[in-house]
There are 2 protein chains.
Amino acid sequence: MTKEELIQQIKKKQSFLCVGLDTDINKIPKHLLQLENPILEFNKRIIDATKNYCVAYKPNIAFYESLGAKGWEILQETLAYIPKDIFTIADAKRGDIGNTANMYARTFFETYNFDAVTIAPYMGEDSVKPFLEFKNKWGIVLGLTSNQGASDFQFSELKDGQRLYEKVIRTTANWGSEENLMFVVGATKAESLVTIRKLIPNHFLLVPGVGAQGGSLEEVCKYGITKDVSLLINSSRGILYASNGVDFETSSSEAARKIQSEMKTILENL
Amino acid sequence: MTKEELIQQIKKKQSFLCVGLDTDINKIPKHLLQLENPILEFNKRIIDATKNYCVAYKPNIAFYESLGAKGWEILQETLAYIPKDIFTIADAKRGDIGNTANMYARTFFETYNFDAVTIAPYMGEDSVKPFLEFKNKWGIVLGLTSNQGASDFQFSELKDGQRLYEKVIRTTANWGSEENLMFVVGATKAESLVTIRKLIPNHFLLVPGVGAQGGSLEEVCKYGITKDVSLLINSSRGILYASNGVDFETSSSEAARKIQSEMKTILENL
């Protein structure tokens with residue numbers, strides 16, 4: 001999907017919500033467990049319940065990989081079920097030397113046909129660039145993450161005064177363009193968006209950490225939104241596990257609709 | 001496998017060689033392609049040809065993941081074929097927030113029963129620690145990698161004078177022990193081993209980059225070896241693709257034996 005197409009979807013749906021499909025067999029409603037493929041069935045029902053309110057889905061690959069070969073089949077069937085006009089992100093956080101990075105890129109872009117893959121930056125240019133060489137596909141580099149451990153290295157102050165995450169964003173931005181490169185910036189670090197928007201005024205940001213992790217939609221938008229929006233705000237647990245009753249779809253749908261409604265207000269005031 | 005058991009294997013075999021099972025369907029001998037499962041068959045023959053000369057096998061997960069669900073079955077069958085006294089490393093370079101890191105750890109340690117997993121450090125403590133909580137299992141953190149892109153961030157000079165890779169190694173070492181934590185240090189940066197051994201005098205290092213990438217076994221041992229050896233030197237392409245003829249096993253076996261022989265000499269002079 002191109003940047004223009006993604007922006008069109010955002011405007012059409014009045015939403016920049018990404019739903020994280022971090023489906024955990026231990027957390028899904030119990031009545032699904034009697035079905036042949038509970039995780040796939042859950043995913044399909046969540047997609048049906050939320051597809052009108054979101055513009056992206058983001059399966060975290062760990063949740064599928066942990067199931068062995070079967071998990072990869074579920075991932076593929078889940079992807080096939082997602083409507084074609086919705087952006088798909090493999091939250092894989094891969095990063096390896098050039099020829100291996102290329103193999104990861106082919107896996108997610110060709111074998112699974114995702115629109116985007118998240119990438120860990122520690123190994124540098126040859127670990128990132130292979131993801132940027134696929135037409136209408138995206139690399140999403142970890143800039144500043146939403147977890148507590150982000151403070152261990154990402155905030156390290158460099159000799160020239162910048163923080164490591166600033167250097168990562170500044171440097172990586174040169175390897176791609178606004179058309180094939182996004183950054184992960186955690187909602188729990190909203191005030192850092194002021195610094196980040198100086199470095200990359202227009203790049204799309206994928207923002208986890210709203211909801212369960214404590215980040216605020218308003219704060220993120222205050223500092224991070226652009227005239228083209230350029231934000232994808234992710235919510236996983238708050239939507240997936242809004243209820244574990246037999247009518248969980250209704251609760252998940254309502255949770256997604258509520259966020260979309262807040263986004264609509266923000267977009268109207270942009 | 002415990003540290004003591006690994007050291008015993010090294011002494012018994014007079015080898016600290018790790019064979020990287022980065023099996024690429026486009027590079028294996030053509031006569032295998034007519035078999036039902038060429039990659040598994042190649043792996044089995046390579047294991048038979050090299051198991052007396054190495055103490056570890058390291059499949060790079062990208063090579064299996066790229067094949068979809070089938071690739072994970074091949075990985076599992078490959079692991080089942082590796083003798084139980086040989087150390088196994090999932091070269092996966094995973095790293096994610098705590099609950100997800102735990103899921104990756106369970107995948108590789110429980111679903112696949114690897115002894116060790118490589119980990120990307122950018123997301124900090126909660127992305128690393130879950131890998132260190134499994135009995136007799138190992139996390140292997142990227143310290144200083146062998147690729148060109150290592151210079152982009154890993155060598156960044158921090159305000160306090162240390163390089164980022166030094167901070168990563170120094171900090172991460174506190175999260176585990178010499179019994180459950182190793183570091184990746186590329187052979188192409190052998191002189192940095194002097195600095196690294198000051199930080200972690202006894203930790204095992206997994207060293208890629210000897211051979212195809214240009215690193216030298218002698219240089220690595222000169223700066224990195226300890227009284228307990230504490231090195232695993234990886235070779236992938238140089239052994240796997242030593243020949244693509246019908247007798248490739250002989251060439252691979254000879255390539256592994258040659259490295260083992262050099263290691264034996266080094267160990268005798270230790």
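Two strands are taken to pair if DSSP finds at least two bridges between them. With that criterion in hand, this report describes one strand of a predicted model and then the contact between chains A and B.

**Confidence**

Chain A has a mean pLDDT of 96, and 100% of its residues reach 70 or more. The model as a whole scores ipTM 0.95 and pTM 0.97.

**Strand E6 of chain A**

Strand E6 of chain A comprises residues 181-185; 5 of its 5 residues are buried, so the strand is largely enclosed by the rest of the structure. The cover extends to both faces of E6(A). On one side, Leu181(A), Phe183(A) and Val185(A) are buried, and on the other side Met182(A) and Val184(A) are buried as well. In a regular strand, side chains alternate between the two faces of the sheet.

The pairings of E6(A) with two other strands are set out below.

| Partner of E6(A) | Residues of partner | Sense | Bridges | Opposed residues |
|---|---|---|---|---|
| E5(A) | 138-144 | parallel | 5 bridges | Ile140(A) and Met182(A) |
| E7(A) | 205-207 | parallel | 2 bridges | Leu206(A) and Val184(A) |

Thus Met182(A) in E6(A) is the bridge partner of Ile140(A), while Val184(A) stands opposite Leu206(A) in E7(A). Between E6(A) and E7(A) the chain passes through helix H9 of chain A, residues 192-199, and this β-α-β crossover is right-handed.

**The contact between the chains**

In the contact between the two chains, 46 residues of chain B meet 46 residues of chain A. Several helices of chain B each supply at least two residues to the side that touches chain A: H3 (62-65), H4 (69-81), H5 (98-111), H6 (125-128), H7 (150-153) and H8 (164-173). The most comes from H5(B), which gives 7 residues to that side. Sorted by class, the side of chain B that touches chain A holds 17 nonpolar, 18 polar and 11 charged residues.

**Relation of the copies**

How are the two chains related in space? A rotation of 180°, with a shift of 0.0 Å along its axis, superposes chain B on chain A with an RMSD of 0.0 Å. That is the relation of a two-fold axis. Of the interface residues of chain B, 100% are also interface residues in chain A, so the copies meet through the same surface.

Note on methods: Residues numbered from 1 in each chain as written. Chains lettered and ligands numbered in written order. Predicted model: local features only at pLDDT ≥ 70, side-chain atom pairs only at ≥ 80, totals over all residues. Buried ≥ 20, exposed ≤ 12 C-beta atoms within 10 Å, placed from the backbone. Helix = DSSP H or I, 4+ residues; strand = E, 2+ residues; numbered from the N terminus. Right-handed = clockwise from strand over helix to strand, strands pointing away. Contact = placed C-beta atoms within 7 Å. Nonpolar A, V, L, I, M, F, W, Y, C, P; charged D, E, K, R; others polar. pLDDT = per-residue confidence, 0-100. Least-squares fit on C-alpha atoms with pLDDT ≥ 70 in both.
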